[in-house]
Amino acid sequence: MTTTTTTTAPYRITPTRVLHSEWHKLRTVRSTWITLLTAAALVLGVGILMGATYTSDGGDSDVDTVVLTLYGSQLGGIALAVLGILVTAGEYATGMIRATFTAVPSRTPVLWAKATVYTATVFTVSLLTALLTFLTAQIFLSDTDQAASLTDDGVLAAITGNAAGVTLLGLIALGLGAALRSVPGAIGAFVGGVLIVPEIIRMLPYEVMDTVVRYFPTQAAGVLGSATPLPDAASPGAALLALLLWAAAALAVPALLLGRRDV
């Protein structure tokens, strides 16, 4: 009599399981919720302040309504960029990345899962926050020349574009975190490279520089968040394409490096 033994096949690594793992890590870390709430509070707080202090005879009457109410997105976006850096570089700081790459030896699925989970979370939070901020600010602006509604031309598209712009800027930060593997280094690179360098380039005495700067990340994101065309700016379609290319490049670099580096 022969006895046969069966062995249970090990769990396979699938994109769904990697996504589930990264979502679990993102939502169970306290810093995620602190950063998201901070970003939302900044956007909402500044929006309410702008609405409550606005007067029709002031100097902001020519400012786009969506831009006016969502001024806080500039501050909230920095907080969300830090979250993107923590999603990738934070694991290197804690040493958890070793366990992650042991579970997923091919490594690149981890990066794509982190980017996907981050994008879905940040875009959802940013869009809901932008909608709430706009509607709340309009309570104060209802009797001014900045009164508007979601059904006005370009308003809903600009609110959605604002959320998309903030999310793509955060993806660039996430890519920097994965490439540099250092939280302070990535924050410095984001602030210096994404926020400061375009302003320095703009000051150069060459007309072509003005055209180049239009397609830098922060300038492109600003176009997406405006309901009316901005002077001397790229078109919304070109701005979105530029942002997508910046984000793709920021993710492509660490994707290429993952297989060539030790953990």
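**Figure 1. Reading along the protein chain, we meet the pattern α-α-α-α-α-α-α-α-α-α-α.** Let's start with the overall fold of this predicted model. How many helices and strands does the protein chain have? The secondary structure comes to eleven helices and zero strands. The C-alpha trace spans about 95 × 45 × 30 Å along its principal axes.

**Figure 2. Here we look at which parts of the protein chain are covered and which residues touch.** The protein chain has 263 residues, and 42% of them count as buried. Now take the contacts between residues at least 6 apart in sequence: 75% of these join residues at least 24 apart.

**Figure 3. The surface of the protein chain has an accessible area of about 14000 Å².** Carbon and sulfur atoms account for 67% of that surface. As for charge, you can look for 13 positive and 15 negative side chains. How far apart do the centres of the two sets lie? The distance between these centres is 29 Å.

**Figure 4. Val191, Ile196, Ile200 and Met203 form a nonpolar patch on the surface.** Together, these four residues offer about 380 Å² of accessible area. To find your way, start from Ile200, which belongs to helix α8, covering residues 183-202.

**Figure 5. A closer look at Ile200, one of the residues of the nonpolar patch.** Why does Ile200 count as partly exposed? Its relative accessible area is 48%, and partly exposed residues fall between the buried limit of under 20% and the exposed limit of over 50%. Ile200 is therefore placed in the middle class, partly exposed.

Conventions:
Residues are numbered from 1 along each chain as its sequence is written. This is a predicted model: local features need pLDDT of at least 70, side-chain atom pairs count only at pLDDT 80 or more; totals for chains, interfaces and linings use all residues. Side-chain values use heavy atoms; hydrogens and water are left out. Helices (H or I, at least four residues) and strands (E, at least two) are DSSP runs, numbered from the N terminus. Buried means under 20% relative accessible area, exposed over 50%, partly exposed in between (1.4 Å probe, protein chains only). Contact means heavy atoms within 4.5 Å. Accessible areas come from the Shrake-Rupley method with a 1.4 Å probe; for residues, only the protein chains shown count as cover. Lys and Arg count as positive and Asp and Glu as negative; His and the chain ends are not counted. The place of a charge is taken as NZ of Lys, CZ of Arg, CG of Asp or CD of Glu. Patches are made of residues with over 30% relative accessible area and no salt bridge: like charges are joined within 9 Å, nonpolar side chains (Val, Leu, Ile, Met, Phe, Trp, Tyr) within 5 Å. A salt bridge is a side-chain nitrogen of Lys or Arg within 4 Å of a carboxyl oxygen of Asp or Glu.
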